[in-house]
There are 2 protein chains.
Amino acid sequence: MYIDIQRNKGISITKQIVLAIVDQILSGFLQGGEKLPSVRSLSKELGVGFLTVVKAYQELEQDGYVHSVQGKGTFVHVKSTDTSKKYPEEKLTQDWQLSVQDYLPRSQFAQFHYVPEKIHLSSSMIDPELIPNQLLERELHHLIREGGTFFSRYGEVQGDMQLREAMQAYLLKKGIPTQPENLLITSGSQQAIDLIARTFVGPGDVVVLEAPTYPGAIDIFRGRGVTILTVPVDNDGMRLDILQHLCDRYRPKIIYTVPTFHNPTGTVLSSMRRRQLLDIAQAMQTIIIEDDPWSEVYYDQKPPAPIKSMDEYGHVIYLKGLSKTLAPGCRIGVLTASGSIFKRILAAKANTDLGTPLITQKLLLPFIESPKMVDHMDKLRNTLKVRRDLVIEILSEHCPEGVSWYIPGGGPNLWISLPSWMQSHHILFEAKKKQVSFLPGSACFPVDHENHHIRLSFSFMNVELLREGVAILCNILHSVILDKNISGHSSNFIVT
Amino acid sequence: MYIDIQRNKGISITKQIVLAIVDQILSGFLQGGEKLPSVRSLSKELGVGFLTVVKAYQELEQDGYVHSVQGKGTFVHVKSTDTSKKYPEEKLTQDWQLSVQDYLPRSQFAQFHYVPEKIHLSSSMIDPELIPNQLLERELHHLIREGGTFFSRYGEVQGDMQLREAMQAYLLKKGIPTQPENLLITSGSQQAIDLIARTFVGPGDVVVLEAPTYPGAIDIFRGRGVTILTVPVDNDGMRLDILQHLCDRYRPKIIYTVPTFHNPTGTVLSSMRRRQLLDIAQAMQTIIIEDDPWSEVYYDQKPPAPIKSMDEYGHVIYLKGLSKTLAPGCRIGVLTASGSIFKRILAAKANTDLGTPLITQKLLLPFIESPKMVDHMDKLRNTLKVRRDLVIEILSEHCPEGVSWYIPGGGPNLWISLPSWMQSHHILFEAKKKQVSFLPGSACFPVDHENHHIRLSFSFMNVELLREGVAILCNILHSVILDKNISGHSSNFIVT
């Protein structure tokens, strides 16, 4: 078992072992029933004291992640709600594989990405009924009739020139002047973040993330072995006073932010803070990743211009998820940056996959500038505003006291804060029994396993299922509180 | 400028600096006209002697990669055949970016991947006229009529279940028993190699590559900072006596091989060596990557069964490029492995891009098992055999003495060996003037810049252009030899 113990990290070694093993369990590397290494072998492998490992295993057992069997060892707790298909029993002959160390500390996001619940509030995707399927089909016919050769050839590594030209015009309208030469088409924004991370950061480098933030980004940066520092978020977005304070002590190489309809909280970084963030990046010679999947989908007022629009010195790498609101099945994003930073990301893209498939690029192309795109965005804004308002209404009426939330001005997510004694994993365990899922807040915290929040995505389910799901959630919250008041203590934490 | 100097590598520091800068030039990170760091600043940055850098810059100048201007500095040589579009002049305000170090030592493959020459013998792609465009279009219509929802949703991270089931049947016919649970759909084999590398190897790990080998794989492993050891290839594939010898001294974590119609040489690893290679991997507890894009496209006799078919203990990760021979625009590959090795690669895939687009998977699906697939492969074999024979015929008749080649039993590549005084870069420079391109052998050598080979791909051009291109190449070889005999010395090496 590979655990990267850092002795000067300001976190106890026991805690580091606990966090690493929790990461592995939540990422599915360690599955229910699997045996942990013996205390003796792990302490030897990591070069840490015997008692340190004993203490870590005790903590894991207290938190319900593992259980020990006298004379047999310590085992990952089997989840009673685990509906995923069991892998066929592997032969014992593959035991040698366990000694092959890897560079993957965590991969939690995918665990929550594809779940079979009926009422799926965990994924910030667009309701399939809102996708312009018919229009896309017409485009496909069009492409076929024109006898495109997009089946038979690789596109340019950098992406289709026509699509890049269309995106140049699109970004200009958002206040971002750029050139097709400085645009890279990626297989979604997840890939873009990954390309940047693999190009610029490694062990010893400092990366700043918001806390909470997008779990997929945490997985990537953790995988690069960087030192992660976190900055909390308030109603105006990232707390720049705290960022400044961190930057006085450390020099971050990258600051990753979702400034507009932040994931998961839904907040917007104020105009003033946008300017300040750029000033800090300039002073520190730091790269900002501005991840912007949702700025078009606002419900109340238009959000401020992207940070990239003020970027004179090439500090900002701007990411626009293109297919997220249009055709998620296409997995297309666009990245813009400048100078040698751009050139190096482009080289990484070539090494990664030699370019995004041409066919999915050609498919989206006609949309980007057409009036249909404008209509589609209007429809999304109107429909999702109704759903947001519905969720807020139900919560206001039915949610128990002590539970609060932030009303997002756009985007698909609602961030709910539970009382500090309440564990979102416990709520999720109960919710799944009733076919409801959400993203537990802990997945969104880069370092700690803060566990008192729920990210509820209202973009994927239609109004009926949304109503049903949120009502079920309110009922569960009520009954958990009732249970506590009766028994006088909180229910046990259960891994789900 | 980031150069990873290794003091115990057995290569002089001067040579390491030279190789690193050549890599950067051939990868396009350093472009014609760009200034190298001053000798003083580079020696300081790398912590090496002043004279070491002076010597490295002199070697680079002798080889024609750079030139120095008195009082101004050292500049990358401007390529006179450089037809690529110039990037717009970047503002001087972006100078801070140059101090941002990266983790990208090389990315050569993409430089040769997309070139505008009329007679394109550098890319091992399939002639677009051989792609079943009409059949694919019909499938698309089919998909649309069935009202698939593949626009609106992400697929599973692991890949579409139907496609995995079809691939299970397909691989079984190749002698590889597997389960859909142990198959991962990737965005081409390039991504698969990258996923494996990022999961399992980093600085300090040893990886064995064939020399020569697939340039895209070199780029990936160099990017992970591993120690690369090379094993030469003879007419029966990788030299296992030399591999065994290496393994007596080092313990490789990964052995990467293209055993069937090896890239670039076209050789086939014999059945006996396949068994031996597996034995070595078992003894060393090593992972084998078996990259198999071309085994279906044989011209004389069917190649031996894949190494994976004998793999009892889960040592082999088998890669099948799926779209390469069918629809390159789709960028689809399949990976199969077992046990925790597979599970960890799957987690890396989630972190990378959350899964390959659904639409391109659905598009290929109907083909995989249908009789059309068999017909298509028959057609490829017949057509490409004719082209291979044509190239061999022209070479035999028109090639000057001292030039030799290996006749490949399958696949798209022909490996031509030049006399040791002849530089393939020089030949490429002359060829490009006549609108002919090929892959210079140097791109295929992981460590040295061995430069006396040509990889000629005969799969992309039709018979007429192939005939013309190979004839032009023969003429150039003749005139270079004539030139040498007249002047008594070889032409200067020119970077092209």
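Two residues are in contact here if their C-beta atoms, placed from the backbone, lie within 7 Å. With that meaning in hand, open the structure, which is a predicted model, and begin with a pair of helices in chain B.

**Stop 1: α7 and α8 of chain B**

Select α7(B) and α8(B), where Gln190(B), Ile193(B), Asp194(B) and Ala197(B) of α7(B) meet Gly216(B), Ala217(B), Ile220(B) and Phe221(B) of α8(B). If you colour this contact by residue class, you will find 5 nonpolar, 2 polar and 1 charged residues. Now look along the helices themselves: their axes come within 10 Å and cross at roughly 25°. Because angles under 35 degrees count as roughly parallel, α7(B) is described as roughly parallel to α8(B), and the crossing of these two helices is right-handed.

**Stop 2: two cis peptide bonds in chain B**

Stay in chain B and select Pro212(B), which sits in the loop between β5 (206-211) and α8 of that chain. The peptide bond that joins Ala211(B) and Pro212(B) is cis, with omega at about 5°. Next select Pro264(B), found in the loop between β8 (254-257) and α10 (271-284) of chain B, where the bond from Asn263(B) to Pro264(B) is cis as well, with omega near 10°. These bonds deserve a pause, because most peptide bonds are trans.

**Stop 3: α1 and α3 of chain B**

Move to helix α1 (residues 13-26) and helix α3 (residues 50-62) of chain B, which pack at an angle of about 50° with their axes 9 Å apart. This angle makes α1(B) oblique to α3(B), and α1(B) passes α3(B) in a right-handed crossing. To see which side chains to display, select Ile13(B), Thr14(B), Ile17(B), Val18(B) and Ile21(B) on α1(B), and then Thr52(B), Val53(B), Lys55(B), Ala56(B), Glu59(B) and Leu60(B) on α3(B), since the contact is made by these residues. Sorted by class, the residues of this contact divide into 7 nonpolar, 2 polar and 2 charged.

**Stop 4: where the two chains meet**

Zoom out until both chains are in view. A rotation of 180°, with 0.0 Å of shift along its axis, superposes chain B on chain A with an RMSD of 0.0 Å, and that is the relation of a two-fold axis. The contact between the chains takes 76 residues from chain B and 76 residues from chain A.

Which helices of chain B should you select to see the side that touches chain A? Those that each supply at least two residues are α4 (109-113), α5 (133-145), α7 (188-200), α8 (215-223), α11 (339-353) and α12 (358-369). Of the elements on this side, α11(B) gives the most, with 11 residues. The whole side of chain B that touches chain A has 35 nonpolar, 27 polar and 14 charged residues. Finally, 100% of the interface residues of chain B are also interface residues in chain A, so the copies meet through the same surface.

**Stop 5: a positive phi in chain A**

Turn to chain A and select Leu354(A), in the loop between α11 (339-353) and α12 (358-369). The phi of Leu354(A) is near 65°, a positive value in a residue other than glycine. As a point of comparison, most residues other than glycine have a negative phi.

**Stop 6: the domains of chain A**

Colour chain A by its domain assignment, which gives domain 1 (13-87), domain 2 (112-131 + 374-487) and domain 3 (133-369). The centres of domain 2 and domain 3 of chain A, taken over C-alpha atoms, are separated by 26 Å, and 27 residues of domain 2 of chain A are in contact with 28 residues of domain 3 of chain A. On the domain 2 side of this contact, α13 (371-398) and β13 (413-417) of chain A each supply at least two residues, and the largest share, 7 residues, comes from α13(A). The residues of that side divide into 17 nonpolar, 6 polar and 4 charged.

**Stop 7: α13 and α15 of chain A**

Keep α13(A) selected and add helix α15 (residues 463-487) of chain A, whose axis comes within 10 Å of that of α13(A), the two crossing at roughly 25°. The two helices are therefore roughly parallel to each other, with a right-handed crossing. Display Arg387(A), Leu390(A), Val391(A), Ile394(A), Leu395(A) and His398(A) in α13(A), which meet Val463(A), Leu466(A), Arg467(A), Val470(A), Ala471(A) and Cys474(A) in α15(A). By class, this last contact has 9 nonpolar, 1 polar and 2 charged residues.

Definitions and conventions:
Residues numbered from 1 in each chain as written. Chains lettered and ligands numbered in written order. Predicted model: local features only at pLDDT ≥ 70, side-chain atom pairs only at ≥ 80, totals over all residues. Least-squares fit on C-alpha atoms with pLDDT ≥ 70 in both. Domains from an automatic or database assignment. Helix = DSSP H or I, 4+ residues; strand = E, 2+ residues; numbered from the N terminus. Nonpolar A, V, L, I, M, F, W, Y, C, P; charged D, E, K, R; others polar. Axes fitted to C-alpha atoms, helices over the stretch in contact; angles between N-to-C directions. Parallel < 35°, antiparallel > 145°, perpendicular 65-115°, else oblique. Left-handed = near helix turned anticlockwise from the far one by under 90°.
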